[in-house]
Amino acid sequence: MKNKLQNHIKNQNLVQIRRDNLGVPALNGVLVQASDKLLLLHNLVDFHWDGYCVIRSKDVSKIRHNKWDVFFKKILIKEKVFITKKKHLSINVSNWQSVFTSLATYKRNIIVEGESDDEFLIGKIERVDTNAKLCSKKK
């Protein structure tokens with residue numbers, strides 16, 4: 001599977017990622033980074049790029065890349081939605097701590113949400129401690 005992931009990343013393939021065991025909708029987009037633990041996907045929703053998603057590799061039940069994804073990519077290129085050789089965020093996806101440490105360097109707002117509940121956090125990462133807990137300023 002690792003070789004397939006690297007091939008999708010190198011070729012900027014559009015993929016659909018299913019996580020059937022979580023009972024959540026499939027994600028569509030371009031894989032940007034992959035490790036044994038985490039995947040970084042540039043998320044595509046209704047012909048628009050909708051930020052990035054970091055998901056656990058172990059939750060992935062299927063990664064689809066077929067003739068329809070190839071056809072859809074051609075449409076996106078023609079519509080100037082898909083830019084080949086796009087420079088993506090440089091995020092270390094080795095583990096959650098490295099993800100948040102990498103994201104903190106951008107000093108931008110992020111959204112962190114759980115898949116099993118309706119809770120989410122929005123804001124800049126102030127610091128990342130050794131347990132990879134989110135820390136924010138208290139006002």
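This briefing walks through the fold, the surface and the aromatic pairs of the chain above. Please keep in mind that the model is predicted. The chain has 3 helices and 9 strands, and 35% of its 139 residues are buried. The structure also holds 3 aromatic pairs, two of which are described below.

**Overall fold**

- Reading from the N terminus, you will meet the elements in the order α-β-β-β-β-β-α-α-β-β-β-β.
- The chain is as compact as a globular protein of 139 residues, because its radius of gyration of 16 Å is close to the 14 Å given by the globule rule.
- Taken along the principal axes, the box filled by the C-alpha atoms is roughly 50 × 30 × 30 Å.
- If you look at contacts between residues at least 6 apart in sequence, 46% of them join residues at least 24 apart.

**Surface and charge**

- About 9800 Å² of the chain is exposed, and carbon and sulfur atoms supply 51% of that area.
- On the charge side, there are 26 positive and 14 negative side chains.
- The centres of these two sets of charges lie 9 Å apart.

**Aromatic pair Phe47 and Phe72**

- The structure holds 3 aromatic pairs, and here is one of them.
- The ring centres of Phe47 and Phe72 are 5.0 Å apart and their planes stand at 80 degrees; an angle over 60 counts as edge-to-face, so this pair is edge-to-face.
- Phe47 sits in the loop between strand 3 (38-45) and strand 4 (48-56), while Phe72 belongs to helix 2 (residues 67-78), so the pair ties together parts that are 25 residues apart in sequence.
- Phe47 counts as partly exposed, because its relative accessibility is 40%.
- Phe72 is likewise partly exposed, with a relative accessibility of 27%.

**Aromatic pair Trp49 and Phe82**

- Trp49 and Phe82 form a tilted pair, with 5.9 Å from centre to centre and 55 degrees between the planes.
- This pair links distant parts of the chain: Trp49 lies in strand 4 and Phe82 in the loop between helix 2 and helix 3 (96-104), 33 residues apart.
- Trp49 has a relative accessible area of 26%, so it counts as partly exposed.
- Phe82, by contrast, has a relative accessible area of 6%; buried means under 20%, so Phe82 is buried.

Key. Residues numbered from 1 in each chain as written. Predicted model: local features only at pLDDT ≥ 70, side-chain atom pairs only at ≥ 80, totals over all residues. Heavy atoms only, no water. Helix = DSSP H or I, 4+ residues; strand = E, 2+ residues; numbered from the N terminus. Rg over C-alpha atoms; globule rule 2.2 N^0.38 Å. Buried < 20%, exposed > 50% of the residue type's maximum accessible area, 1.4 Å probe, protein only. Contact = heavy atoms within 4.5 Å. Areas by Shrake-Rupley, 256 points an atom, 1.4 Å probe, with all protein chains shown as cover. Lys, Arg positive; Asp, Glu negative; His and termini not counted. Charge placed at Lys NZ, Arg CZ, Asp CG, Glu CD. Phe/Tyr/Trp six-rings, centres within 6.5 Å; stacked < 30°, edge-to-face > 60°.
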